[in-house]
Amino acid sequence: MVGGGSEPAAAKTKTIKTANSITASERQQGAEAHPQLLQEFGGAYAGPQAAYVTRVGQNIAVQSGMSNARSDFTVTLLNSPVNNAFAIPGGYIYVTRQLMALMNDEAELAGVLGHEVGHVAAQHSKKRQSRATQNSILGVLGAVLGSAIGDNGGLLGSLGGLLQNNAMKVAQLATLGFSRSQELQADQLGVQYLKSAGYDPMALSTVLASLANQTNLEARLAGGDARALPEWASTHPDPASRVRNAQTLAGRAGTGGVRNADAFMASVDGVLYGDDPAQGVVEGRQFLHPDLRLSFSVPNGYGMQNGTSAVSISGNGGQAQFSTGPYSGDMNAYIASVFKAVGGDANLTPGNIQRTTVNGIPAYYSTVRANSQSGQVDVTVFAYEFARNSAFHFVALTKAGGAGTFNPMFTSLRRLSASEAAAIRPRRIDVVTVKSGDTVASLARRMAYSDYPSERFQVLNRLAANSRLTPGQKVKLVVYASR
């Protein structure tokens, strides 16, 4: 995966041993994992951008030598609001619409996809399978408690720790972080693929620069203590320091090659940006779901990441997750099933389940203390009965005695009114042509954000505050769209 700490070693051009071809076993593994990855990342994006991404991805993938047939590669644009891209053995390549929106030309898209193909060609996934059990939506619980988490069905299963089948193993390996040396190898291969496909080899370094800027912006947006960096930043270490390394690699590959900015801008125009309201939206410290008609707020300094089946919350005081599961009217049984899912072999069982009311909603909660390698921790389940057959819950993990950290969040959950739900609108990319007199500041005021609009605009278009815009230049805005 693509993702700068200390300055990397100078770029080296030694030959990297790569896979010769896609095996039948890899094709089967990829085909089995593909549906699970789609489910985890919001499904395939249905907009017209999908065909464009497929064409670019297949063209760059054949440069790897794993197959000369473009049709052997399945390239998917994912309907996900996180900045991520990855590939798995079998010819399956993925990029999220959010990461696509951060790019500024076709060569950058090809560079990202080529980097991901490089990980597969260099067989990096085979060297990190022992880490698979660490990767889950709330993997910290499984890791801290040192236990397996069973498949309880519904969304409870999304708390998974140990993998239940080979397809899930492949799917989860796709989103594990790589080592620094593996990232540099994939950068080297990505630059080679760009060159052989006729693109500007410098494109990988420029998209890495945009990613580094986005990482810094996300940290500012979330608050100084929040650990809510873009997904690509957490799984692709040190994007900033790798920019110079990628520039060196590109210099050695030679100058020239196309960027195809106009074609890219025409394609990215209109793509959904940020959260899909159908999956809920994050607005500052608030999570709002118009279809489920609910909202909650996280404490100051905590960040949220909205997934297809759960919302993950993290900060220095602990981690939590908001989700749901099968509910038949027995809240005691519901809470017990959540603890069982989280604890697995640790056999977490709720003690005294307390009852209260939160903004008119019946609520139940319990905290269990558990031992971990780093000391005792508190696991809290706080559940809400929305209807006779509908319940939602938080699972929170804190140091022993720190369960109260999330009390403000637990008591913030409320129902949304019909008008509040209707007012939640999606955001989309709007590609506009710079006119005479337009400046970074004037265009930034058109962004659909009240916080950091100028910084968001600059990062989105890889501009500086003092950048001079040229009439006729294409730039991206984020604007509200009708639902």
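How many of the residues of β3 are buried? Before I answer, a word on the model: it is predicted, with local features requiring pLDDT of at least 70 and side-chain atom pairs counting only at pLDDT 80 or more, while totals for chains, interfaces and linings use all residues. Residues are numbered from 1 along each chain as its sequence is written, and side-chain values use heavy atoms, with hydrogens and water left out.

The answer is that five of the five residues of β3 are buried, and the strand is mostly covered, where buried means under 20% relative accessible area, exposed means over 50%, and partly exposed lies in between, with a 1.4 Å probe and protein chains only. When I speak of helices and strands, I mean DSSP runs numbered from the N terminus, helices being H or I over at least four residues and strands being E over at least two. From β3, the side chains of Y92, Y94 and T96 point one way and those of I93 and V95 the other way, and all of these residues are buried.

Let me place that strand in its sheet. The sheet is open, has three strands in the order β1-β3-β2, and is mixed in its pairing, where two strands pair if DSSP finds at least two bridges between them. Its edge strands, each pairing on one side only, are β1 (74-78) and β2 (85-88). Neighbouring strands of this sheet are turned against each other by 15° on average, direction ignored; axes here are lines fitted to C-alpha atoms, for helices over the stretch in contact, and angles run from 0 to 180 degrees between N-to-C directions.

Taking the two pairings in turn, β1 and β3 run parallel and are joined by five bridges, and L78 has T96 as its bridge partner in β3. On the other side, β2 and β3 (residues 92-96) are antiparallel, with four bridges; here A85 is partnered by V95, and F86 by Y94. These two strands form a hairpin with three residues between them, and in that turn G90 has a positive phi of about 105°.

Which helices lie across β1, β2 and β3? One is α1 (residues 24-40), which runs at about 20° to β3, and another is α4 (residues 106-121), which runs at about 35° to β2; contact, for this purpose, means heavy atoms within 4.5 Å.

I would like to stay with α1 for a moment. It has 17 residues and reaches 25 Å from its first C-alpha to its last, close to the 24 Å expected at 1.5 Å a residue, the expected span being 1.5 Å times one less than the number of residues. There is nevertheless a kink of about 30° at A33, shortly before the proline P35, the bend at a residue being the angle between axes fitted to the seven residues ending there and the seven starting there. The buried residues of α1 are E26, G30, A33, H34, L37 and L38. An α-helix has 3.6 residues a turn, so residues three or four places apart point the same way. Just after α1, G42 takes a positive phi of about 80°.

A second sheet is also open and three-stranded, with the order β4-β16-β17 and antiparallel pairing. Its edge strands are β4 (272-273) and β17 (474-480), each of which pairs on one side only. Between β16 (residues 427-433) and β17 there are seven bridges in the antiparallel sense, and V432 has V475 as its bridge partner in β17. Helix α11 (residues 261-268) packs on this sheet, touching β16 and β17, with its direction at about 10° to that of β17. Helix α16 (residues 453-461) also packs on the sheet, touching β4, β16 and β17, and its direction makes about 135° with that of β17.

Two individual residues deserve a mention. S366, in strand β12 (residues 361-372), counts as buried because its relative accessibility is 2%; leaving aside residues up to four places away in sequence, its contacts include F339, P350 and V381. G254, in the loop between α10 (239-253) and α11, counts as partly exposed because its relative accessibility is 22%. G254 and D200 are 54 residues apart in sequence, yet 8.8 Å apart in space, C-alpha to C-alpha.

Finally, for the chain as a whole, there are 16 helices and 17 strands, and buried residues make up 56% of the 483 residues.
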